Amino acid sequence: MTKWISTGVVICGLLVAGASLQAHHSLAGMYALGKEAKVTGAFKAFRLVNPHSSLRLDVKDKEGKTVEWAIVGGSVQQIARLGLGKTGGPNALHAGDEITVTLTPALDGKSPVGLLIAITYPDGHTVRFRGVDE
């Protein structure tokens with residue numbers, strides 16, 4: 001009986017560990033690490049959730065059509081530490097603000113998604129999140 005209980009405990013442990021490993025994703029599988037691109041558009045919103053926040057940006061394509069970009073950022077704590085809330089400070093963002101986002105592009109080079117590197121505001125100041133080599 002002890003053998004069956006021990007085997008059951010080991011199997012449950014392996015299943016839990018496997019689920020955890022699958023839940024965590026690799027950045028290299030989604031983004032062209034080491035590359036950098038810039039998009040300019042109207043800020044829509046931050047989705048402030050852990051472990052990764054996301055920024056929504058409306059960008060006009062070459063034909064003038066609006067494309068919504070989803071740009072993955074840091075944790076809620078990192079966003080707050082940089083002062084990127086809705087109110088106060090020079091780093092506050094409001095819907096419609098025209099900003100330039102430096103990002104690591106999607107691996108396919110076409111999808112409107114990226115990994116946030118920096119935001120440049122209309123007044124020229126830049127808030128940096130990470131370096132291109134990270």
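## A strand-built core and a four-residue charge network

Let's start inside the protein: the largest nonpolar core has 19 residues, and Leu57, Ile71, Val101 and Ile119 touch the most other members. Strands E1 (37-47), E2 (54-60), E3 (66-72), E4 (98-105) and E5 (113-120) are the elements that each give two or more residues to this core. Please keep in mind that this is a predicted model, with an average pLDDT of 78 for the protein chain.

**Overall layout**

- The protein chain has two helices and six strands.
- Read from the N terminus, these elements follow the order α-β-β-β-α-β-β-β.
- The protein chain is 134 residues in length, and 29% of them count as buried.
- About 8,500 Å² of the protein chain is exposed, with carbon and sulfur atoms supplying 61% of that area.
- If we take contacts between residues at least 6 apart in sequence, 52% of them join residues at least 24 apart.

**A closer look at Ile71**

- Which residues does Ile71 contact, leaving aside its neighbours within four places in sequence? Val39, Ser53, Ser54, Leu55, Leu57, Val101, Leu103, Gly114, Leu115 and Leu116 make up the list.
- Leu57 and Val101 appear among those contacts, and both are also named, with Ile71 itself, among the core residues that touch the most other members.

**The salt bridges**

- How many salt bridges does the structure hold? There are three.
- As general background, side chains of opposite charge can pair when their charged atoms come close.
- Asp58 pairs with Lys44, and the closest N and O atoms of this salt bridge are 3.9 Å apart. Because Asp58 sits in strand E2 and Lys44 in strand E1, this pair ties together parts that are 14 residues apart in sequence.
- Lys44 also meets Glu68 in a salt bridge, at 2.6 Å from N to O. Here Lys44 belongs to strand E1 and Glu68 to strand E3, so the pair ties together parts that are 24 residues apart in sequence.
- Glu68 forms a further salt bridge with Arg56, whose closest N and O atoms are 3.8 Å apart. This pair links distant parts of the chain, with Arg56 in strand E2 and Glu68 in strand E3, twelve residues apart.
- Through shared partners, the salt bridges join Lys44, Arg56, Asp58 and Glu68 into one network.

**How exposed are the network residues?**

- Asp58 has a relative accessibility of 24% and counts as partly exposed.
- Lys44 is partly exposed too, with a relative accessible area of 39%.
- Glu68, at 35% relative accessibility, counts as partly exposed.
- Arg56 is partly exposed as well, its relative accessible area being 30%.

**Where to trust the model, and where to be careful**

- In the protein chain, 72% of the residues score a pLDDT of at least 70.
- Where is confidence lowest, and where is it highest? Helix H1 (residues 2-23) is lowest, at a mean of 47, while E4 is highest, at 96.
- Residues 6-10 stay under a pLDDT of 50, and the model gives them zero contacts beyond four places in sequence.
- Residues 12-24 are likewise below 50, and this stretch has zero contacts in the model beyond near neighbours in sequence.
- A general caution applies: where pLDDT is low, the predicted coordinates should not be read in detail.

Definitions and conventions:
Residues numbered from 1 in each chain as written. Predicted model: local features only at pLDDT ≥ 70, side-chain atom pairs only at ≥ 80, totals over all residues. Heavy atoms only, no water. Core = buried A, V, L, I, M, F, W, Y, C linked by side-chain atoms within 4.5 Å. Buried < 20%, exposed > 50% of the residue type's maximum accessible area, 1.4 Å probe, protein only. Contact = heavy atoms within 4.5 Å. Areas by Shrake-Rupley, 256 points an atom, 1.4 Å probe, with all protein chains shown as cover. Salt bridge = Lys/Arg side-chain N within 4 Å of Asp/Glu carboxyl O. pLDDT = per-residue confidence, 0-100.
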